[in-house]
Every structure is written in C-alpha cells, then in structure tokens.
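Grab a coffee and work through these exercises with the model open beside you. Each one is a short task followed by a stepwise solution.

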Amino acid sequence: MSDWLPPGLFDYGAELATEADRRLGAGVAGDAACWIDMPRRLGTADEPSEPVRWGDGALCVDLGPDDSETWERFAEVHRDQADPDVVAAAAQEWRLPVTPFRRVSEAAVETAAPAPSCEPMGPASLDGKQIVDLTSMWAGPLCTELLGRAGAEVRKASSAARPDGLAGTAMYAELNAHKTAVELDPRFGADRDALERLLATADLLVTSLSPRALANLELLPEQLCVRHPRLHTLAITAFEPDSPECCWIAYGTGVHAASGLGWLGDEPQAPAYSYPDPLAGLLAARVAAEQIVGAAAQHMRVSLAGAVAPLAEWASCRRTAGALTTLARSPHDAPGPMAAAPSVDSATTPGSASGGGRHG
C-alpha cells in the first residue's frame with residue numbers, strides 16, 4: 001500500500017474532530033487519527049487506483065465492478081483526446097467515475113462557506129433523536145456513527161441486493177456499531193412504505209445518493225417537504241453544487257485527484273487510502289448536530305471536495321512559498337493546516353454528486 005498522504009492531514013482532522021466534539025460532546029469524535037487512519041489501523045484498505053497517464057496529464061480511473069467494459073469502449077472512442085479534463089468530463093457523460101489529476105496550482109480550490117455556527121452552544125442533546133441513515137462506505141457512516149455515539153437513535157437502511165461496499169469488514173463493524181440495521185430497499189413498494197414510516201418520525205435523513213437517485217426515490221428536499229415538512233436532510237456529496245463537477249460521480253480518491261492534492265510534486269500520486277471521506281464525515285457530524293438543534297439550515301450539503309479545500313489551499317500557499325512537505329506518514333509528523341473553514345452549503349436541493357464511497 002502507498003504511504004502517501006497530504007501534508008497537514010492529521011492536524012486538520014484534529015481540528016474537525018474538536019469542532020465535532022463541541023457539538024456532540026467531549027470525546028465522541030475523540031482522536032481524529034483513529035478515524036482517518038482506519039484502513040491501516042484495521043487492515044481493510046483496498047489498493048487505491050494508480051494514476052493513469054493520459055495525453056499531457058493523468059486520470060484517476062476508479063472503476064466499479066460493472067464499469068470495465070464501458071471504460072474500454074470509452075477509451076477507444078476518446079484515445080485521441082489529449083486533455084485529461086476534457087476526457088474526464090466526457091467519461092462522466094458515460095457515468096464513469098473518472099476525474100483528472102490536477103496540479104495544485106491548476107485546481108479550482110472550493111470556496112470556503114460557513115464555519116461552525118457562531119451561536120454560543122454547548123453539546124447538542126441528541127438523546128432520543130431519530131436518524132435515518134441512507135449512506136454507505138465511509139463518510140456517511142462515520143457521520144451517523146458519531147451521531148449514534150452522541151445518543152441519537154440511528155436506523156441504517158441496508159439491502160442484501162445492494163450491500164454496503166465495506167460490509168463484512170472491521171471498518172464496517174466499527175462505523176456501524178451504534179445503529180439499528182433495517183433491511184429494506186427503497187426502490188420497491190413494501191420497503192418504500194417502511195422507509196416512509198421511518199421518515200414520518202425521523203428528525204434527520206442522511207444520504208450519500210446522487211441527485212438523480214434521490215429524485216427517482218422522491219427524496220429531494222422539495223419532494224420530502226410535502227410529505228415530511230419537519231424532516232431535516234443532510235446530503236454528503238463528492239463536489240460542491242456550484243462547481244463544474246457538481247454532478248460528477250467520484251470516490252474519495254477521485255476528489256483527491258481533482259483537488260490538486262494528488263499532484264504536489266513532479267508526478268501524480270495515489271493516496272494511501274481515501275482520506276477525503278473521514279474528513280467529510282467529521283465535518284458532516286458537526287453540521288448534523290447543528291441542524292438538529294436549529295443552529296443550521298433544515299437542508300444541508302457537505303462535500304468531500306469542500307472538506308479537503310483547506311488542505312488544498314494550504315498546500316497551494318506552501319508550494320508558492322517553496323516550503324511544501326509532500327508526505328504525511330503518520331498522525332504525528334504532518335505540519336498543521338490553515339484555519340480556513342471547510343465548505344458547507346445550505347440547500348433546498350442536493351445539487352452535487354453523491355458522497356460516501358462512490359459519489360454519484
């Protein structure tokens with residue numbers, strides 16, 4: 001496994017965990033390194049996709065189990081296109097999770113949106129609060145696991161027909177320890193009725209589905225407000241709703257590539273694991289707590305790209321100053337990031353690709 005992780009990762013994660021604990025209660029998030037370094041700590045990481053050289057740059061090609069044949073056809077059609085950004089945009093039209101590796105000087109750093117609520121508030125009281133969890137993999141399950149540890153009653157929807165990609169691993173067990181599993185597939189009638197009953201009494205719905213999937217399931221905020229007007233929603237997404245990549249599908253490694261953090265040196269680099277996911281999960285847990293107590297908007301989005309934006313901005317500044325450290329091997333040897341707030345967006349509709357594993 002690659003040892004490469006971006007400089008400042010663990011210090012920045014510690015800042016996010018501290019903010020989460022201020023909303024959830026002391027020690028709920030605790031040591032951020034335990035969440036960020038889960039794949040190595042628990043030995044459940046897949047080897048990340050290595051950069052694929054293309055034209056005058058490189059691509060992150062994160063193929064799912066059903067994507068290989070489509071990718072081969074796509075690559076043949078577009079083999080003469082040299083610009084990785086153009087190729088990635090075209091691949092997204094084919095619903096392939098392909099993103100360009102950008103240099104940190106070329107990447108459009110996501111605009112930092114609201115910092116934690118300025119309203120004086122201690123830990124939110126989540127005892128008895130009802131959370132419906134429609135997330136998978138890492139970012140979303142981390143968010144809802146922290147809510148469960150803070151006292152919320154979390155019901156995680158799962159389906160044997162479409163299992164979580166981490167199911168059966170130590171990571172899955174740890175990320176879903178404080179939840180009640182509910183077997184249902186919201187695409188089908190009886191299970192859809194069961195989901196509606198859960199939403200009728202829920203305080204918050206957390207999703208990592210694409211806008212297209214949410215619309216098909218009638219789970220967009222403007223659709224839900226008719227049936228469940230008091231329900232809060234939190235969409236964990238890959239990219240920001242106002243970015244050119246707003247509807248792209250991607251994994252955390254794809255967000256890493258597009259952010260510029262994957263090309264800080266002479267060559268593009270794959271990360272040791274999908275570090276944008278735990279950053280977004282920690283951020284989302286804080287936002288969710290603020291939503292539940294009325295200190296944030298009823299409908300919110302947190303993106304992986306927004307969560308890593310402070311790291312990318314700091315790396316860009318350090319690169320300009322000629323003092324960039326390019327490797328963070330452990331939770332204790334990385335320089336600290338800047339204090340810029342990660343991107344958080346209030347929403348009436350989730351307008352970007354999905355989050356938590358494959359985002360879209």
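**Exercise 1.** Is the crossing of α6 and α12 left-handed or right-handed?

*Solution.* Before we start: this is a predicted model, where local features need pLDDT of at least 70 and side-chain atom pairs count only at pLDDT 80 or more, while totals for chains, interfaces and linings use all residues. Residues are numbered from 1 along each chain as its sequence is written, and side-chain values use heavy atoms, with hydrogens and water left out.

- Step 1: find the elements, which are DSSP runs numbered from the N terminus (helices are H or I with at least four residues, strands are E with at least two). Helix α6 covers residues 139-149, and α12 spans 276-292.
- Step 2: get the geometry. The two helices pack at about 40° with axes 7 Å apart (axes are lines fitted to C-alpha atoms, for helices over the stretch in contact, and angles run from 0 to 180 degrees between N-to-C directions). That makes α6 oblique to α12; under 35 degrees counts as roughly parallel, over 145 as roughly antiparallel, 65 to 115 as roughly perpendicular, and the rest as oblique.
- Step 3: read the hand. The crossing is right-handed (the near helix is turned clockwise from the far one by less than a right angle; anticlockwise would be left-handed).
- Step 4: see who touches whom, with contact meaning heavy atoms within 4.5 Å. From α6 the contact includes Leu-142, Cys-143 and Leu-146, and from α12 Ala-284, Ala-285 and Ala-288 are among the partners.
- Step 5: sort the residues of this contact: twelve nonpolar, one polar and one charged. Here Ala, Val, Leu, Ile, Met, Phe, Trp, Tyr, Cys and Pro count as nonpolar, Asp, Glu, Lys and Arg as charged, and the others, Gly among them, as polar.

**Exercise 2.** Work out how α1 packs on α12.

*Solution.*

- Step 1: helix α1 (residues 9-24) and α12 pack at about 20°, their axes 9 Å apart. So α1 is roughly parallel to α12.
- Step 2: this crossing is left-handed.
- Step 3: on the α1 side, Tyr-12, Leu-16 and Arg-23 are among the residues that meet α12, where the partners include Leu-279, Arg-286 and Glu-290.
- Step 4: the tally for this contact is ten nonpolar, one polar and four charged.

**Exercise 3.** How many disulfides does the count come to?

*Solution.*

- Step 1: apply the rule that a disulfide is a pair of cysteine sulfur atoms within 2.5 Å. The count is zero.
- Step 2: check Cys-246, which is in no disulfide; its nearest cysteine sulfur, that of Cys-247, is 3.8 Å away.
- Step 3: look at accessibility (buried means under 20% relative accessible area, exposed over 50%, partly exposed in between, with a 1.4 Å probe and protein chains only). Cys-246 has 18%, so Cys-246 is buried. Cys-143 is at 0% and therefore also counts as buried.

**Exercise 4.** Which loops hold Met-137 and Glu-218, and what is phi at each?

*Solution.*

- Step 1: Met-137 sits in the loop between β4 (130-134) and α6. Its phi is near 70°, a positive value in a residue other than glycine. At 24% relative accessibility, Met-137 is partly exposed.
- Step 2: Glu-218 is in the loop between α9 (211-216) and α10 (221-227). Phi of Glu-218, another non-glycine residue, is positive too, near 55°. With 43% relative accessible area, Glu-218 is partly exposed.
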